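Visitor: Please choose one part of this model and take me through it closely, together with what surrounds it.

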Amino acid sequence: MRAKVYFSKEITPEKVLELYRLLGKELTGKVAVKVHSGEVGNQNFLKPDFWRPVIDEVGGTVVECNTAYEGGRDTTEKHLKTIDDHGWNVFDFDLLDAEGPDLELSIPDGKKIKKNFVGKNLKNYNSLLVLSHFKGHPMGGYGGALKQLSIGIASSYGKAYIHGVGDTNGDIWSSDHDSFLESMADAAGSVIDFFDKNIAYINVMKNLSVDCDCCEVAEDPCMRDIGILVSDDPIAIDQACIDLVYSAKDDPGQKHLLERIESRNGVHTIEAAAEIGYGSREYELIEVK
């Protein structure tokens, strides 16, 4: 059965909310809303006002976790300052791993890792809304829903654990690359299991840089904006975004973004996630004017 992915070329806060409502996915109980708070200096991340209508709709608490690399978000003190500076404090906000110990999620059938470490405050939530800025990424090739579920939800230690494919003692940034991508797929699955699939996903294809919002110095966008996608399947929504990039043949920046995705074998995260089986690469794209 193909997953439904709602799509609109119109990129506005109001359209995000419209597509979310069309999805018809009721997020029950206390709702965590995963955002990317944006590295200090980054110019491409999607700002709080853009997400405000859908966050207000679900009555959610915006959540984030500390990073594993040095910057403006690698400690609780610095990250909370960045949260304030970037305007996220207009919402109820929870830095999930502000204090330890981490919450350990088991991955008995993981391809590469058998456990995942997330901020302990995740246990306070019943459902999850994943807000992703789809774009390139220096290591993953691209960043979308699967990255938000894995690296995004992982604690600072958990991020290092995923990057190191379970080994945090060596150079976590030079582990076997495909194994790292498969570890992301494993970690994403553990979060899906934790919430018993009570999750909705929104990917916005805007400010399409080859670099992630985690980059302090990011390239400016190279492709034209494409649109908004909404689904309850994280694999389908990421696959649909990749397909939309491939179909944008008249965009002069397409080749540059595809080089970033392909040189990092970015699609392998989607392949690994589909093999695990918590979603499908087959989807129906439902365009909304």
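Guide: The account that follows begins with the sheet and the helices upon it, and then turns to the surrounding helices and loops.

The model is predicted, which is why local features are described only at pLDDT of at least 70 and side-chain atom pairs only at pLDDT 80 or more, while totals for chains, interfaces and linings use all residues. Residues are numbered from 1 along each chain as its sequence is written, and side-chain values rest on heavy atoms, with hydrogens and water left out.

Helices (H or I, at least four residues) and strands (E, at least two) are DSSP runs numbered from the N terminus, and two strands pair if DSSP finds at least two bridges between them. On these terms, an open sheet of 8 strands has the order β4-β3-β2-β7-β10-β11-β1-β12, with mixed pairing. Because β4 (93–95) and β12 (283–287) stand at the edges with a single partner strand each, one side of each lacks a neighbour in the sheet. On average, neighbouring strands are turned by 25 degrees against each other, direction ignored; axes are lines fitted to C-alpha atoms, for helices over the stretch in contact, and angles run from 0 to 180 degrees between N-to-C directions. At the β4 edge, β3 (residues 61–64) and β4 run parallel and are joined by 3 bridges. There, Val62 has Phe93 of β4 as its bridge partner.

Helix α1 (residues 13–23) packs on this sheet, where it touches β1 (3–8), β7 (127–133), β10 (199–205) and β11 (227–231), and its direction makes about 25 degrees with that of β11. Contact here means heavy atoms within 4.5 Å. Helix α7 (residues 234–247) lies across β1, β10, β11 and β12 and runs at about 15 degrees to β10.

Helix α2 (residues 48–58) has Pro48, Phe50, Trp51, Val54, Ile55 and Val58 buried, where buried means under 20% relative accessible area, exposed over 50%, and partly exposed in between (1.4 Å probe, protein chains only). These residues cover an arc of only 130 degrees around the axis and therefore lie on the same side of α2; the arc is that of the directions from the helix axis to the C-beta atoms. They pack against α1, β2 (31–34), β3, β7 and β10. Just after α2, Gly59 has a positive phi of about 60 degrees.

Helix α3 (residues 76–85) contains His79. With 0% relative accessibility, His79 counts as buried. Apart from neighbours within four places in sequence, His79 contacts Ser37, Glu64, Cys65, Asn66, Gly72, Arg73 and Leu95. His79 and Cys65 are 14 residues apart along the chain, and their C-alpha atoms are separated by 8.6 Å.

Elsewhere, the axes of helix α4 (residues 145–152) and helix α6 (residues 177–194) come within 8 Å and cross at roughly 85 degrees. α4 is therefore roughly perpendicular to α6; under 35 degrees counts as roughly parallel, over 145 as roughly antiparallel, 65 to 115 as roughly perpendicular and the rest as oblique. From α4 the contact uses Leu146, Lys147, Leu149, Ser150 and Ile151, and from α6 Phe180, Met184, Ala187, Ala188, Val191 and Ile192. Of the residues of this contact, 9 are nonpolar, 1 is polar and 1 is charged; Ala, Val, Leu, Ile, Met, Phe, Trp, Tyr, Cys and Pro count as nonpolar, Asp, Glu, Lys and Arg as charged, and the others, Gly among them, as polar.

Ser190 also lies in α6, and at 4% relative accessibility Ser190 is buried. Its contacts, leaving aside neighbours within four places in sequence, are Leu105, Ser106, Ile107 and Asn116. Two of these names lead to strand β5 (residues 103–106), in which Leu103 and Leu105 point to one face and are buried, while Glu104 and Ser106 point to the other and are not. β5 and β6 run antiparallel, joined by 4 bridges, and Ser106 stands opposite Lys115 in β6.

Helix α5 (residues 156–163) is largely enclosed by the rest of the structure, because 6 of its 8 residues are buried. Its cover includes β6 (115–118), α4 and α6.

Lastly, the loops. A cis peptide bond with omega of about 0 degrees joins Gly100 and Pro101. In the loop between α6 and β10 lies Asp196, with a positive phi near 50 degrees; Asp196 is exposed, at a relative accessible area of 66%.
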